[in-house]
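Let's walk through this structure together, starting with the overall picture and then moving to individual residues. Keep the model open beside the text as you read.

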Amino acid sequence: MIHFTKVRWKNFLSTGNAFTEIQLDQNDSTLIVGENGAGKSTMLDALCFGLYGKPFRKVKKDQLINSVNGRDVVVEIEFSVHDHQYVVRRGIKPSLFEIIEDGVLIDQDAAARDYQDYLEKHILKLSMKSFTQIVILGSSSFVPFMQLTTNVRREVIEDLLDIRVFSSMALLLKDRVVTNREEYKLNEQDISYTQESIKAQEKLRTELDEKRAEKIEDFQERIKQTQESIAREEAVAAVLGSSIEELMEGLDDRDAVSARVQKILTLEKSLESKKANARKSIKFYTENDECPTCTQHIDNNIKVEKISEKEKAIEEVETALEKLSDELAKGEDTLAAISEVQRNISQKQNDLSSKLNNIKVLQKEISVYTKEIDSLNKTESTYTEDNITTLRSDLGRFLSVKERILRDKEMYELATVILRDSGIKSRIIKQYIPVINALVNKYLAAMDFFVKFELNESFEEKILSRHRDDFTYDSFSEGEKMRIDLALLFTWRQIAKLKNSTNTNLLILDEVFDSSLDTVGTEEFLKLIHEMGHETNIFVISHKGDQLFDKFRSVIKFKKVNNFSQVEK
């Protein structure tokens with residue numbers, strides 16, 4: 001049994017950044033009320049999105065994100081199956097999909113589609129179609145069982161009866177049939193090839209022996225020529241290696257020269273700055289007769305003295321700069337020479353690499369020639385009576401395999417017949433059809449709707465009135481259709497409980513009281529849901545809060561606050 005305990009969501013549809021949380025197993029019956037647009041039905045979309053990655057209603061994925069916050073959509077669903085506790089967490093912007101079993105995250109190495117497949121087939125064992133038939137009856141985008149196509153009806157019934165395993169077996173069988181067909185084809189090729197090989201060995205045994213020696217001699221000559229080429233390449237490579245080592249020795253003082261050039265450039269910059277300051281001082285004493293700061297007169301002797309002092313300093317700096325310029329030129333010439341050596345080394349290294357690659361290619365050629373010689377040397381023993389005997393033994397083995405393949409083929413053909421829709425699944429469904437019909441009619445009678453409802457083995461309905469008039473589902477009013485939908489919903493839940501396949505504690509009814517059910521139908525339906533026992537947690541979403549408040553154990557009211565949906569405390 002799947003026991004749902006909690007659902008919570010945020011930034012989902014009209015919900016804000018704070019989590020809205022609903023305890024799913026707290027009360028037997030819960031009424032959910034609120035004004036239009038308050039977020040009553042968001043619970044349905046959150047459940048379906050959390051479990052199946054798509055909402056219950058026809059809402060595009062990008063429209064599920066709250067338009068105000070625009071990100072951080074998170075939906076979490078907690079439930080248990082047997083003795084295992086699960087949390088499914090799914091989100092949008094950023095994308096999120098996690099399945100946690102007993103507090104441990106299940107491995108996510110597989111693709112998202114495979115991860116969803118694992119959730120549906122191995123944990124829930126319930127597709128979204130079956131989930132919406134057993135757990136949810138909604139008035140918006142819900143498609144009643146009677147409006148589903150025959151194939152989809154069959155999928156739902158197979159889920160309920162836990163016989164989809166036969167469909168899986170049929171798919172596996174299909175793969176095995178394909179494999180068997182391919183195996184037969186390959187076996188025929190093996191038989192044909194072996195037979196031809198025997199003939200070829202008998203025919204070519206003498207011819208190849210005559211040509212073998214000639215070919216071996218030819219390959220040996222190629223090996224000799226290739227070895228000579230390798231020796232020449234190795235000699236050139238050795239010379240290049242020695243030359244590179246000699247050139248590398250000339251690079252030992254590269255760092256020291258580079259550091260000296262940098263030091264000279266720094267010193268030049270400092271001296272140029274000193275020279276500029278001296279020129280600035282000369283200009284000042286030339287153009288000013290008094291101090292601009294203290295306004296005192298500057299004596300002409302002092303001006304001459306200062307100007308002479310600064311001109312002398314400029315001469316000293318220029319002398320030093322000339323020396324530094326010579327030193328810099330020498331350093332730059334040395335670095336240029338080192339760069340030329342580096343380029344020379346690089347060129348020689350490229351040449352050396354090319355030679356070494358040539359040697360490897362030539363060595364591979366020798367290896368190929370050697371293998372050819374080995375193969376030719378073995379030819380003498382290959383085409384012997386021993387090898388022909390071995391081939392005949394192989395032929396016998398292939399013929400035995402063929403017999404086994406044909407036996408498997410017969411078995412797969414029989415299994416295919418059994419696993420067809422008209423096979424074992426049809427027999428199981430045939431046994432349950434009377435039970436399904438009896439339960440549907442029981443629930444219809446409980447809702448004061450007295451017709452005889454029958455599904456056949458193709459899941460087509462036949463409905464007879466008290467006067468034996470023949471009807472179909474589409475013949476009835478919306479209220480009568482709703483009674484049939486409810487009867488089927490309760491029937492599927494009862495069948496699931498009997499089979500213990502997709503049994504669950506959760507039942508959600510969205511606005512079923514608001515349109516199609518009259519007063520009598522409502523009262524009869526309320527009796528039904530209150531008789532379902534403590535193992536079922538029923539949620540009813542309705543606008544008729546004032547009429548239904550006293551009919552339920554608890555009430556949840558949704559309201560809009562600052563354009564965000566939230567549960568009223």
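For a compact globule of 569 residues one would expect a radius of gyration near 25 Å, but this protein has 46 Å. Please bear in mind that the model is predicted. The C-alpha trace spans about 135 × 115 × 40 Å along its principal axes. Within those dimensions the protein has 12 helices and 15 strands. Of the 569 residues, 41% are buried. The accessible surface comes to about 32,900 Å², and carbon and sulfur atoms account for 48% of that area. If you count contacts with a separation of 6 or more, 70% of them are between residues 24 or more positions apart.

With that overview in place, turn to helix 1. This helix covers residues 42–52, and because 11 of its 11 residues are buried, the rest of the structure largely encloses it. Among the buried residues are Met43, Leu44, Leu47, Phe49 and Leu51, but also Thr42 and Asp45. Just after the helix comes Gly53, with a positive phi near 80°.

Asp45 deserves a second look. What is the partner of Asp45 in a salt bridge? The partner is Arg57, with the closest N and O atoms 2.5 Å apart. This pair links distant parts of the chain: Asp45 sits in helix 1, while Arg57 lies 12 residues away in the loop between helix 1 and strand 4 (73–81). Asp45 counts as buried because its relative accessible area is 0%. Arg57 has 27% relative accessibility, so this residue counts as partly exposed.

That bridge belongs to a total of 21 salt bridges in the structure. Another one joins the side chains of Glu21 and Arg8, at 3.0 Å from N to O. Here too, distant parts of the chain are linked, with Glu21 in strand 2 (residues 20–23) and Arg8 in strand 1 (residues 2–10), 13 residues apart. Glu21 counts as partly exposed because its relative accessibility is 40%.

For a salt bridge inside a helix, go to helix 8, residues 385–419. There Asp394 forms a salt bridge with Arg397, and the closest N and O atoms are 3.2 Å apart. The two residues are 3 residues apart in the helix, so about one helical turn separates them. An α-helix has 3.6 residues a turn, so residues three or four places apart point the same way. Asp394 counts as partly exposed because its relative accessible area is 21%. Arg397 is likewise partly exposed, at 46% relative accessibility. Elsewhere, salt bridges that share partners join Lys6, Arg8, Glu21, Glu76, Arg89 and Glu98 into one network.

From charged pairs, let's move to the nonpolar interior. Which residues touch the most other members of the largest nonpolar core? They are Phe79 and Ile484, in a core of 97 residues. Helix 10 (residues 478–499) supplies the largest share of this core, 9 residues. Apart from this core lies another, of 10 residues, among them Ile216, Ile223, Ile366 and Ile373. To see the surroundings of Phe79, leave aside its neighbours within four places in sequence: the contacts of Phe79 then include Ile2, Phe4, Leu51, Tyr86, Val88, Ile123 and Leu124. Its contacts also include His3, Thr5, His84 and Gln85.

Next, find Asp28, in the loop between strand 2 and strand 3 (29–34). Is Asp28 buried or exposed? At 19% relative accessibility, Asp28 counts as buried, because the term applies under 20%. Not counting residues up to four places away in sequence, Asp28 touches His534, Thr536, Asn537, Ile538 and Arg553.

Our last stop is a sheet. Three strands form this open sheet in the order 9-10-11, with antiparallel pairing. Strand 9 (452–455) and strand 11 (470–471) are the edge strands, each pairing on one side only. Strand 9 and strand 10 (residues 461–464) pair in the antiparallel sense over 4 bridges. Look for Phe453, which stands opposite Ile463 in strand 10.

Terms used. Residues are numbered from 1 along each chain as its sequence is written. Side-chain values use heavy atoms; hydrogens and water are left out. Buried means under 20% relative accessible area, exposed over 50%, partly exposed in between (1.4 Å probe, protein chains only). A salt bridge is a side-chain nitrogen of Lys or Arg within 4 Å of a carboxyl oxygen of Asp or Glu. A nonpolar core is a set of buried Ala, Val, Leu, Ile, Met, Phe, Trp, Tyr and Cys residues joined through side-chain atoms within 4.5 Å. Contact means heavy atoms within 4.5 Å. Two strands pair if DSSP finds at least two bridges between them. The radius of gyration is taken over C-alpha atoms; the globule rule is 2.2 Å times the number of residues to the power 0.38. Accessible areas come from the Shrake-Rupley method with a 1.4 Å probe; for residues, only the protein chains shown count as cover.
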